Amino acid sequence: MAGTLRVGGKVLATHNSETDEVRLASDTKFSSGTPIKIAYQSYTTSTPIAANVNTFTASGLNKDFSISSANNQILIFGYVTVNHGYTADNSFKLEILADSTPIFTEPSSSEYGNGDGNESYTFKMYFNFLYSPNTTASTNYSISVSSSNGATAQPSSVPSTMTLMEISG
């Protein structure tokens with residue numbers, strides 16, 4: 001059922017019964033720090049990571065997202081599941097991109113191993129970053145990773161996830 005939400009005679013939101021979407025009125029204001037919109041992605045396709053710590057490989061996590069005001073920010077958080085063999089020490093980096101432009105690069109972290117090559121280690125590379133895009137245009141946010149000795153993201157379909165949250169400014 002379509003409808004309009006009014007408070008004190010002011011329209012705050014409308015509902016479209018055809019699309020089942022609720023849209024906030026463009027002049028609706030929130031106090032600073034209030035979450036406004038959230039988008040989530042889970043990705044399970046196994047993705048090889050090249051053996052070069054300076055070459056980033058797309059993890060498969062990517063999502064288009066826009067904010068309602070250029071004064072708002074986006075909280076980007078989640079993790080990439082990674083597996084690597086214990087044949088040598090391995091360094092990893094993670095990068096967050098907005099329309100293919102890096103907006104955050106995690107300093108290198110290392111995972112150490114001294115096995116005979118028959119072992120492997122699966123872990124999660126967690127990330128969180130508060131970003132001020134200064135635009136309301138739709139932007140593609142994605143996550144890339146690098147590895148000094150090669151690895152696999154989403155091994156055996158173990159998921160990686162990313163959440164984008166618009167925060168009022």
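Here is a short chat about a predicted model, covering its largest pocket, its core and one sheet.

Residues are numbered from 1 along each chain as its sequence is written, and side-chain values use heavy atoms, with hydrogens and water left out. As this is a predicted model, local features need pLDDT of at least 70 and side-chain atom pairs count only at pLDDT 80 or more, while totals for chains, interfaces and linings use all residues.

Visitor: Which strand stands in the middle of the open sheet of 3 strands?
Guide: Strands are DSSP runs of E, at least two residues long, numbered from the N terminus. Two of them pair if DSSP finds at least two bridges between them. β1 (3–7) and β3 stand at the edges with a single partner each, so one side of each has no neighbour in the sheet. The antiparallel order is β1-β2-β3, which puts in the middle β2.

Visitor: What is the bridge partner of N16 in β3?
Guide: β2 covers residues 10–16 and pairs with β3 in the antiparallel sense over 4 bridges. In β3, N16 is partnered by E21.

Visitor: Which element gives the largest share of the largest nonpolar core?
Guide: Such a core is a set of buried (under 20% relative accessible area, 1.4 Å probe, protein chains only) Ala, Val, Leu, Ile, Met, Phe, Trp, Tyr and Cys residues joined through side-chain atoms within 4.5 Å. This one has 26 residues, with I76, V80 and Y141 making the most contacts inside it. Elements giving two or more residues include β7 (73–85) and β12 (139–147). The largest share, 5 residues, comes from β11.

Conventions
Buried < 20%, exposed > 50% of the residue type's maximum accessible area, 1.4 Å probe, protein only.
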